[in-house]
Amino acid sequence: MIGGTNHSVDYSTVKADAAGVITVIRHVTATTETSDATDTIERQLLLTDVYAVIKNSDVISWTSHVEEKASSEETGYWSSSWSKTVSVKTDNGASKNWWASSSGPLLELADNDNNRLDILTMRDSSSANYTCAYGGVNYWQQFDFDVFLPDELCPVPASIHGAGISGGLSHVLDIDETILAAFGSFSPESVKWVRYFDRMGGGGVRSTTSFLVFHLGETDWRSTMAFSTRRFADNFEPTKSWKEEELLQVGGMGAYSCANVEDMLSDEESFPVAPGLVWDSHFWWPYQGMFWPPGVDEWTSNFGDGESLLCGSYVHGQNVSDRMISDEYAQANDYNVTMMTYFNFNFFGQDVNLTEAVANDDWTDPSGFILNNFPTGYHTPVTYDWQNSILMDPSDKEWQNWLVSQAREARSRIGEGRFMGLIVDEPHTGEFNYAHDDGISWCGKKCRSSMLGFFETSKLVRDAVDEGEGGGHLVSNQINTFRIDTLRHFDSVFSEKQSDGHVGHACALNSIGVLTMGGMPGTVWTSTSNNNITDRFMQQHLYMGVQPIAPVLGNDHAVLNGDTEIDKLYTDYAVMFEQTRGVRTYLDGIVGCTKENDNSICAANAFFGADRLIIVASGLLGVHGEGAGVESLNLTVAGVTSDSCLRLTTGSTEEKKIMVEVVNNSLTINLNSDERSFAFIVCTI
């Protein structure tokens with residue numbers, strides 16, 4: 001399908017060269033959008049598909065090229081609704097199991113703890129069809145929201161069909177290619193991806209690439225993610241590797257706190273578990289984007305709507321200085337936590353009013369400062385956000401230069417050995433600036449995608465943070481985004497859920513679990529809605545290999561300490577979260593779990609640490625979230641052997657040695673689950 005309508009294929013030509021590359025050429029007539037987006041026109045198009053085996057492997061690169069034929073009289077541009085469909089049938093025509101990278105259903109899961117699904121379970125032929133957006137839902141707000149709202153989010157554009165004992169076929173979009181927007185439709189027999197906003201016509205050729213990966217032997221979703229994480233390692237692996245001691249901190253629980261570290265952590269009786277990573281939310285800066293005011297070393301910190309007032313001895317709006325901030329980061333080092341600095345690519349100012357402002361270079365006047373320093377740096381149409389700041393365009397060169405200078409100031413003023421890096425808030429990659437042209441996007445007229453600017457700015461800020469000796473890291477808040485290519489220049493994830501009400505905590509957690517399968521640590525927000533913090537909540541985090549926020553003083557719109565039931569849950573699972581610091585998902589085999597009481601499948605996952613294999617099994621995460629419970633489990637991990645495994649139990653620090661069986665290079669464990677329908681096992685490897 002091209003242009004969002006059915007097309008007629010005039011004829012097809014199939015050619016194969018000596019290297020086995022197959023080319024399919026199709027002449028297509030399609031009805032498409034014209035340059036002014038108000039009418040349609042019949043176009044003559046040439047669509048060429050090229051299938052090439054990659055280095056004698058079981059992977060085929062599938063590249064489609066589309067161009068307008070010279071015979072067309074229309075020379076304007078048009079946007080694409082450009083689709084690729086893969087259909088899969090087994091030899092006898094019956095569908096086998098299938099899976100796609102998924103957040104789980106949006107509306108059903110929104111802040112409903114009773115429906116925390118096992119999104120890693122393979123779907124079968126009876127599973128319902130569904131739609132999926134690559135990343136967050138922001139793009140779909142450009143359209144009629146009710147029509148385009150997907151059923152689920154796909155943080156990685158990857159799927160597998162026909163999976164079973166004898167193999168399977170994966171389909172993965174080229175993650176390194178610029179994908180402005182993609183919408184997937186999945187069924188037991190096929191996967192279809194449709195791309196939007198790509199500019200077509202104008203005498204140019206537009207191409208997209210995806211990969212068909214053939215797997216032999218017993219196969220499930222791990223085969224697809226193994227290919228994806230290795231083929232596109234620059235997106236999945238930290239750009240800058242964490243030192244072992246750093247990884248143990250950053251891979252632990254998080255905090256987003258406005259409290260001083262001394263107030264937060266000095267009384268060990270006041271909180272159930274300490275965070276390893278603190279995202280600094282003191283809001284030292286006077287307003288968004290002005291993180292380090294020029295020419296001064298002392299100023300008044302931010303104060304306004306939307307700030308936590310439970311910050312201990314720290315008060316928003318007080319006088320602060322470079323020295324005060326640097327000393328706080330030194331204090332964090334003393335408490336063995338990594339404190340990272342707030343940063344944002346997208347917002348500037350407070351109470352901005354460009355209509356009445358006069359351009360000037362006074363940083364205390366954000367409106368005048370914008371007009372003087374970033375006259376083309378804000379979005380058109382003008383968009384306002386938190387504290388009436390203005391939405392900036394990360395593609396603008398003057399704005400990019402400012403962000404780079406602010407990143408360098410953060411490193412310089414906090415100081416060597418204290419500055420650990422930046423956490424970049426709210427990516428805002430789904431907007432288009434209608435005042436500029438990037439030569440790639442088409443919005444019914446020329447426009448510029450924030451996504452492209454985000455990629456550029458991420459690289460520039462990353463380089464500024466990591467200049468010279470030592471250097472720092474870059475961490476991503478994936479709120480409103482949830483797409484793997486936005487992590488290309490980052491080292492880990494510390495993410496809120498979604499400001500859009502359709503996406504709840506469980507969806508965000510599942511998404512971050514998929515995004516961090518390749519090696520990045522991941523932490524997901526724990527909100528102040530404490531009724532969602534249950535055994536199922538804890539088990540889903542451990543099952544996906546993602547850490548929660550720890551309940552401590554000063555957490556801004558996040559869980560606080562002092563709730564007896566919540567604190568006890570954190571204490572009960574604390575030793576298990578300690579074990580999962582800095583692990584990566586096991587992708588080279590099969591992890592199976594069955595309930596011996598009814599022989600049904602239960603949720604099980606496995607992770608590698610430096611010297612250990614961790615197996616997590618839960619009876620509270622069902623395919624439909626039913627939480628049926630477990631009497632006994634049979635666990636199998638193919639491709640791993642060990643003769644030393646320990647069982648950790650919720651609510652206890654006791655380690656119990658268990659019996660394991662090794663057959664055909666597979667580890668098998670039979671055991672009873674605990675009273676919480678849960679099993680957590682650590683094996684030495």
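In this predicted model, N372 touches A359, N360 and D361 once neighbours within four places in sequence are set aside. The C-alpha atom of N372 also sits 8.3 Å from that of V358, a residue 14 places away along the chain. N372 belongs to helix α8, and its relative accessibility of 36% makes it partly exposed, because the partly exposed class runs between 20% and 50%. Other residues of the helix are hidden: P366, S367, G368, F369 and I370 are the buried residues of α8, which spans residues 366-373. These buried residues pack against β21 (347-348), β22 (390-391) and helix α9.

The loop that runs between α8 and β22 holds P381. The peptide bond leading from T380 into P381 is cis, and its omega angle is near 5°.

Helix α9 brings the description to helix packing. Two packed helices are described by the angle between their axes and the distance between the axes. For α9 (residues 397-414) and α10, the axes come within 9 Å and cross at roughly 30°. This angle makes α9 roughly parallel to α10, since angles under 35 degrees fall in that class. The crossing of α9 past α10 is right-handed. On the α9 side, the contact is built from K397, Q400, L403, V404, A407, R408 and R411, while α10 supplies G453, E456, T457, L460, V461, A464 and V465. By class, this contact of α9 with α10 comprises seven nonpolar, three polar and four charged residues.

A second helix pair can be read in the same way. Helix α11 (residues 505-515) packs on helix α12 (residues 535-544) with the axes 9 Å apart and an angle of about 20°. As a result of that angle, α11 counts as roughly parallel to α12. Here too the crossing is right-handed, as α11 passes α12. The residues that α11 brings to the contact are H505, A506, L509, N510, G513 and V514, and those from α12 are F537, Q540, H541 and M544. The contact of α11 with α12 contains five nonpolar and five polar residues, with no charged residue.

Aromatic rings offer another view of the fold. A pair of aromatic rings is described by the distance of the centres and the angle of the planes. Across the whole structure, a search returns 39 aromatic pairs. One of them joins F454 and F490, whose ring centres are 6.1 Å apart and whose planes differ by 10°, a stacked arrangement. F454 is part of helix α10 (residues 450-465), whereas F490 lies in the loop between β26 (473-476) and β27 (492-495), so this pair ties together parts that are 36 residues apart in sequence. F454 is buried at a relative accessible area of 1%, and F490 is buried at 0%.

The pair formed by Y573 and F678 has another geometry. Its ring centres are 5.8 Å apart and its planes meet at 65°, so the pair is edge-to-face, a class that requires an angle over 60 degrees. Y573 is found in helix α13 (residues 564-579) and F678 in strand β38 (residues 678-684); the two are 105 residues apart, and the pair thus links distant parts of the chain. Both Y573 and F678 are buried.

Backbone angles deserve a look as well. The loop between β26 and β27, already met through F490, also contains F482. F482 has a phi near 50°, a positive value in a residue other than glycine. With a relative accessible area of 0%, F482 is buried, because the limit for that class is under 20%. A positive phi, about 50°, is also found at H428, which is not a glycine. H428 is placed in the loop between β23 (421-425) and β24 (432-433). The relative accessible area of H428 is 11%, so H428 is buried.

Note on methods:
Residues are numbered from 1 along each chain as its sequence is written. This is a predicted model: local features need pLDDT of at least 70, side-chain atom pairs count only at pLDDT 80 or more; totals for chains, interfaces and linings use all residues. Side-chain values use heavy atoms; hydrogens and water are left out. Axes are lines fitted to C-alpha atoms, for helices over the stretch in contact, and angles run from 0 to 180 degrees between N-to-C directions. Helices (H or I, at least four residues) and strands (E, at least two) are DSSP runs, numbered from the N terminus. Angles under 35 degrees count as roughly parallel, over 145 as roughly antiparallel, 65 to 115 as roughly perpendicular and the rest as oblique. A crossing is left-handed if the near helix is turned anticlockwise from the far one by less than a right angle, and right-handed if clockwise. Contact means heavy atoms within 4.5 Å. Ala, Val, Leu, Ile, Met, Phe, Trp, Tyr, Cys and Pro count as nonpolar, Asp, Glu, Lys and Arg as charged, and the others, Gly among them, as polar. Rings of Phe, Tyr and Trp (its six-membered ring) pair if their centres lie within 6.5 Å; planes under 30 degrees apart count as stacked, over 60 as edge-to-face and the rest as tilted. Buried means under 20% relative accessible area, exposed over 50%, partly exposed in between (1.4 Å probe, protein chains only).
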